[in-house]
Amino acid sequence: KNGMNSLHSWQSSQMLRRSRGGPGRGSPGRGRSQSAISKRTNAAHQNPRVVVVKSRQLPRQTEHNPKLTAADSNQCLISENTDIKSAAGYVAALLREGKPPQVLAISAGNVNRAVKMLALVRNYLEAEALDLYVQVDFPEYSTSSESTMVTLHVFQKAKRTDLSRVNAHLSVSARSVHASVAGAIAGNLREATLNRICVSAAGPMPILCTLKSIFLARHFMHEEQKDISMVPEFDHSDESGISIVNMFVLSHPIGQQL
């Protein structure tokens, strides 16, 4: 189900229709601010093209010996005290065993750490040609759109593929509104010939906004029997030294394993 229960309960609430704003079937993102969503390319539905995202090539990391404990062995709770490298080793070990975990986080800072941790997991798994993808859920969104509690459902990807070619590349900032970004994501995915786009963000609030946008876009696409998954990857650091994360957003039929 991977978050669909919260999507369904949210669909029936009045708050969904208010937070949905302009985006709707066939007209996502209407009225969104271009200053809040920086588009690095023309929208795919305006000018179909392929964009190449040049991601940072990190040196292969030495994996830490995971010694994390959790009530559920298939859960990984990220907190401000979490050692990201140890957490990444823990998740990588579960993926190798065919037991992909749920990654849980509360607060913008911890959500930021969770996404970076998963990007690091992908780096650990690269030599083994293993990969992962993530489905995003905000279980409390139906009662509070301001909730920062996120569940990241991690899955093992069938094979590692080059995702750098995308149909659109969006950039999310601290000023972005997640409902508007969600409309932009859904709109571009509906017209994406490669069934994927890239959304880049740097820092806790922009990354939290991006995940909420992906969650909301999942709902928009669910109406059309489509779902959305995400694959995180490190890019480079901006002028302030904050790491930029590219989140490749993939559209696929509901329930399909990637």
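Modeller: Before we start, pLDDT is the predictor's confidence in each residue, on a scale from 0 to 100. What you have here is a predicted model, and the mean pLDDT of the protein chain is 80. Of its residues, 71% reach 70 or more.

Biologist: Which stretches have a pLDDT below 50?

Modeller: Residues 12-36 are one such stretch, with 48 contacts in the model beyond near neighbours in sequence. Residues 41-48 are also below 50, and that stretch has 12 contacts of this kind.

Biologist: On to the helices. Why is α4 called roughly perpendicular to α6?

Modeller: Helix α4 (residues 108-125) and helix α6 (residues 204-222) pack at an angle of about 75°. Roughly perpendicular covers 65 to 115 degrees, so α4 counts as roughly perpendicular to α6. Their axes are 8 Å apart.

Biologist: Which residues make that contact?

Modeller: From α4 come Ala108, Gly109, Val111, Asn112 and Val115, and from α6 come Pro204, Met205, Ile207, Leu208 and Leu211.

Biologist: How do those residues divide into nonpolar, polar and charged?

Modeller: Eight are nonpolar, two are polar and none is charged. Gly counts as polar in this scheme.

Biologist: Now the strands. What makes β3 and β4 a pair?

Modeller: A pair needs at least two bridges. Four bridges join β3 (residues 75-78) to β4 (residues 102-106), so the two strands pair. They run parallel, and Gln75 stands opposite Gln102 in β4.

Biologist: How does the chain cross from β3 to β4, and what is the hand of that crossover?

Modeller: The chain goes through helix α3 (residues 84-96), and this β-α-β crossover is right-handed. That name fits because, with the strands pointing away from you, a right-handed path from the first strand over the helix to the second runs clockwise.

Biologist: How do you know that β4 also pairs with β6?

Modeller: Use that cut-off of at least two bridges again. Five bridges join β4 to β6 (residues 149-157), so these strands pair too. This time they run antiparallel.

Biologist: Where is Leu104, and which residue in β6 stands opposite Leu104?

Modeller: Leu104 is in strand β4, and Thr151 in β6 stands opposite Leu104. Setting aside neighbours within four places in sequence, Leu104 is in contact with Gln75, Cys76, Leu77, Ile78, Val150 and Thr151. The C-alpha atoms of Leu104 and Met149 are separated by 7.6 Å, though these residues are 45 residues apart along the chain.

Definitions and conventions. Residues numbered from 1 in each chain as written. Predicted model: local features only at pLDDT ≥ 70, side-chain atom pairs only at ≥ 80, totals over all residues. Heavy atoms only, no water. Axes fitted to C-alpha atoms, helices over the stretch in contact; angles between N-to-C directions. Parallel < 35°, antiparallel > 145°, perpendicular 65-115°, else oblique. Contact = heavy atoms within 4.5 Å.
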